[in-house]
Amino acid sequence: MPATSMEELVSLCKRRGFIFQGSEIYGGLQGFYDYGPLGVELKNNIKAAWWRSNVYERDDMEGLDASIIMHRQVLRHSGHEATFSDPMVDNKKTNKRYRLDHLVKDQKADVVAKVAEGIGADAGNFPAVIAALNANPAQASEALRAAGVRDPFSGEVGEWTEPKPFNMMFKTTIGPVADDDSYGYLRPETAQGIFTNFKNVVDSTSRRLPFGIAQIGKAFRNEITPRNFIFRVRELEQMEIEFFCAPGTDEEWHQHWLDKRLAWWEAQGVPRSKIEILDVPKEDLAHYSKRTYDLMYDYPTLGHEEIEGIANRSDYDLGSHTKNQADLGLVAKVDENLDSIAKLTIPHPDTNKPVVPFVIEPSAGVDRALLAVLSEAFTKETLDNGNERIVLKLKPHLAPIKVAVIPLARNKPELVDLARRIKSELQGLGLGRILLEDSGNIGKAYRRHDEVGTPYCVTVDFDTVGKGEDAALTDTVTVRDRDTLAQERVKIADLSAHLQGKLR
């Protein structure tokens, strides 16, 4: 039986060292999480799988790692300074602040219906309700109070202020002088670092259309109300592609990337049946988007929420930076009739004339991906003896620990030394982390490694070193399968090839 609640996953993550609350010893910091010994391995494995699929296995992709702090002009001319905001409301009774759409969405259905009625919107169209509240702040405040919208913190009906925009970008000073000319932003997305390096990549790689630039990196969003564990946080990590194509071919490439991304999720253990495709309505599209598909995964407790967005950003970003650089006099225009400059154009594959390419952007959150992978892998089973076990049935390439090598007795040097030599040999194969597990209790070791998703356990026992009852088992070890619980004896000389075959 898979995980039925977010609480089960949170408990497992804390108990087994996947994820901890940030700054926990000082009471924690809302919206920030630290990845523990197993969490960092799982996270790195997810990123490696994404990078391998999208960069190494394709011939039309380059990689990038842009800086986190960005020049304020970048985010001004990308539109983020003006539009990267969410409406917030305050409860005067509790002094608590909430994101408007989250506050209303969490209310009971009859309350949401009353809010819609009070603002003159269709209750069946939730985005339209929020849009109407934003468009009429004074009326919105009264509609929230009249509908009896309750404060999630106190549970009482709130006294709500008018909605007002809250820019979610983190601002920081650059250098020792704090004035209007010495600040920048922590990037709210990794995309702009790709756009500002577009010409650098083209010049250094001689790429022609179509091609993409991939990046994995941190982004920062000062969420009004971070919540739902690592689903909505203030410090996140993105796996993002900007795929550049000729104008007119963008819709074909948009479909290509939708199909590719769905196949990738399935390969990570997130089945297609658990993902709904939301063709985002025009009124809800981001300021840069021509069309966007949101992949909505069915999370425990949360229901269907976005796990990845695949946007057709048209030529908005390169076009915007192109125009504004020219307007600022940073570079000369190529053509007075074309708002483009040599730095941000590329020859059209058919005409060889400079064009601002269209962009398809598949963008997934690492944290949300990890949460989905854990949700699918989490399994409760009742064994033949009636005992229950929790097992993470992770795909082997994602498992934090690939193999645990276990000496049957921790106080027997001949067992421990041989186990250590086997561990060292397996580690050299490049399969991932191989762990020497010398807890001394084989049953507890098996249960622990089931719970953290280790695909195979290798046990070194007295038969292995010729001190058991069966001489034929000398120089063999027991290999235990996590999912089937099957155990087989394998010669030490054949062990590396045996496990390589299973793990690769």
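Two helices count as roughly perpendicular when the angle between them is 65 to 115 degrees, as roughly parallel under 35, as roughly antiparallel over 145, and as oblique for the rest. Keep that in mind as we walk through this predicted model, in which local features need pLDDT of at least 70 and side-chain atom pairs count only at pLDDT 80 or more, while totals for chains, interfaces and linings use all residues. Residues are numbered from 1 along each chain as its sequence is written, and side-chain values use heavy atoms, without hydrogens and water.

Let's start with α2 (residues 37-56), which packs on α13 at an angle of about 105 degrees, the axes being 10 Å apart. The two helices are therefore roughly perpendicular. Contact here means heavy atoms within 4.5 Å. On the α2 side, Gly39, Leu42, Lys43, Ile46 and Lys47 take part, and they meet Val366, Asp367, Ala369, Leu370, Val373 and Leu374 of α13. Of the residues in this contact, seven are nonpolar, one is polar and three are charged.

Helix α13 (366-377) also helps to cover the buried residues of α1, together with elements including β1 (19-21) and α15 (442-452). Buried means under 20% relative accessible area with a 1.4 Å probe, protein chains only. In α1 (residues 6-15), the buried residues are Met6, Glu8, Leu9, Leu12 and Cys13. They span an arc of only 160 degrees around the axis, so they sit on the same side of α1. Just after α1 comes Gly17, with a positive phi of about 80 degrees.

Definitions and conventions. Buried means under 20% relative accessible area, exposed over 50%, partly exposed in between (1.4 Å probe, protein chains only). Helices (H or I, at least four residues) and strands (E, at least two) are DSSP runs, numbered from the N terminus. The arc is that of the directions from the helix axis to the C-beta atoms. Axes are lines fitted to C-alpha atoms, for helices over the stretch in contact, and angles run from 0 to 180 degrees between N-to-C directions. Ala, Val, Leu, Ile, Met, Phe, Trp, Tyr, Cys and Pro count as nonpolar, Asp, Glu, Lys and Arg as charged, and the others, Gly among them, as polar.
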